[in-house]
Amino acid sequence: MKRRVAISILGTTLDVGRRPERWERWRPNVALCQQSGLFIDRLILIHDDRAEPLARSIIKDIETVSPATDVRQHILNFRDPWDFSEVYTGLRDFAHGYPFDPDSEDYLVNITTGTHVAQICWFLLTEARIIPARLLQLSPPRDRQAEGDYSGTHAVIDLDLSRYDEIARRFASEKAEATSFLKSGISTRNPAFNRMIDEIERVAIRSAAPVLLMGPTGAGKSQLAKRIYELKKSQRKVGGAFVEVNCATLRGDQAMSTLFGHVKGAFTGAATDRAGLLRSADKGVLFLDEIGELGLDEQAMCLRAIEEKRFLPVGSDREASADFQLIAGTNRDLGEAVRQGRFREDLFARLNLWTFRLPALRERKEDIEPNIEFELRRFLEREGQNVTFNKESRQRYLAFATGPEASWSANFRDLSASVTRMATLAALGRITADVVDDEIGRLRAAWWPASRPAADAILTEVLGTEAAARIDPFDAVQLAAVLHACRRHASASAAGRELFARSREAKRSNNDADRLTKYLARYDLHFDQVKQR
């Protein structure tokens, strides 16, 4: 059976009592050793040098009520017992130096005595498991004083929330609300994405270190950065503003001035002082999107601003300061940029503490349907019009959106624009199959250059958008090469000689024009048609 060890601060007011009448009043540290069903094997009594006489008196009285309790004194002198930093440091040092052995001992920390500052510090140290203990709260007697019992009552508080079903359920609910908040209320179905959001939620609440969001353009980095800020603000982790800047738009002196500010006359056109975005983000969150586009000089100043919270405005000889949390976004491989000398290794190391890669929309096809609903809700909020799909149109759009043709090259920007177009064109608030078919045609046309080789533009020109979109990528590459060869020559024979030069050398075929004519006929084309277009 484990030995029970209590840690308690001597109460210089509540524990006082030297005359015989002291037994007719409640004294917490004496009452601690009188609790029914809570035998204390060892009591660590903390006090300062000035309270030594009171400590000896309390120890003697404890010997009277609980002779088997081993009381050990621990001297801890505070210049100011109401100074949080001093008290926390002193109690933490005590905890670090104490030989805790949770396997064989059960620890209780008495929060009944000591200043309110000390009680808060006890809670923090126990909650962080620096002290592996439960909290103990003693209360004076109410109904049994007439019987001469002044021991009062006690309550043990275990900060392990898993032991309290009601609190655990509430905690789980709040956690679910926080992660749903980060996902803009979208019930995502992708397990990997949900795990990532869970981790981001914990980091956002517990850490002020830089966060790096990686992923392709349109994957939602900017939206997620704003939601992280709003979550931190709701948790009172930040009080300042959310400041966003796209580093790809910053060049030369403009980059330095925009980020770090400048003084009047620093360069041509600097007619007044400018604070800069870093100072605007003081006590808040600074989101540097596309941070990989920053120049090396700006990167060096950003590193210092992150580490020291200080930087030098352009043209100034006096430093400015700002305390902000940095969220950085990039669609580049910063590790590769470091190897190429385009990004500072020390800045990347500083940013790489919390790195999260947002997957492209085509990697989260199971999340397309809930995001469609989200976009329709946003349309309702913006336009005041409720728009829905009919059953056939929904199935048709989802089949295309989650199929192999859908490249979603701009990710959620593509999806948002697509749903907005259909909602705008929907008659009487219903998206029909005809509206969906028209939209699918637009998306195919928009994605054509991104999903095919550059040479495939000739396919659209010769065949038309719809017919070209129906050709497999394997065949499209070959047909595009043939059409370009036809454009370079005046006759089918000349084009055929270029296209079938190797087989002619092997004497496998001599009728090049006939072979070319038959190939074009597979696509309902003739050499003269190709030349005329």
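The second largest pocket in this predicted model has a volume of about 600 Å³. How do we look for a space like that? Rolling a probe the size of a water molecule over the atoms shows where empty space is left.

Now the walls. The lining of the second largest pocket is made up of 29 residues. Nearest the pocket's centre are Ala-219, Gly-220, Lys-221, Gln-223 and Phe-412. If you sort the lining by class, you get 10 charged, 10 polar and 9 nonpolar residues.

Which elements supply at least two residues each? They are the helices α6 (191-206), α7 (221-234), α13 (368-383) and α15 (412-425), together with the strand β8 (242-246). The largest share comes from α7, with 5 residues.

Next, a sheet. It is an open one, built from 6 strands with mixed pairing. Reading across, the order is β3-β2-β1-β4-β5-β6. Which strands stand at the edges? Those are β3, residues 70-75, and β6, residues 153-157. Each of them has a single partner strand, so one side of each is left without a neighbour in the sheet. On average, neighbouring strands here are turned by 25 degrees against each other, ignoring direction.

One pair from this sheet, to finish. Strand β4 covers residues 105-110, and strand β5 covers residues 134-139. In what sense do they pair? The pairing of β4 and β5 is parallel, over 3 bridges. To find one of these on the structure, go to Val-109 and look across to β5, where its bridge partner is Leu-135.

Key. Residues numbered from 1 in each chain as written. Predicted model: local features only at pLDDT ≥ 70, side-chain atom pairs only at ≥ 80, totals over all residues. Heavy atoms only, no water. Pairing = 2+ DSSP bridges. Helix = DSSP H or I, 4+ residues; strand = E, 2+ residues; numbered from the N terminus. Axes fitted to C-alpha atoms, helices over the stretch in contact; angles between N-to-C directions. 1 Å grid on protein atoms, 1.4 Å probe; cavity = no way out; pocket = protein on both sides within 12 Å on 5 of 7 lines; lining within 4 Å. Points joined across faces, edges and corners; volume = space filled by probe spheres on them. Nonpolar A, V, L, I, M, F, W, Y, C, P; charged D, E, K, R; others polar.
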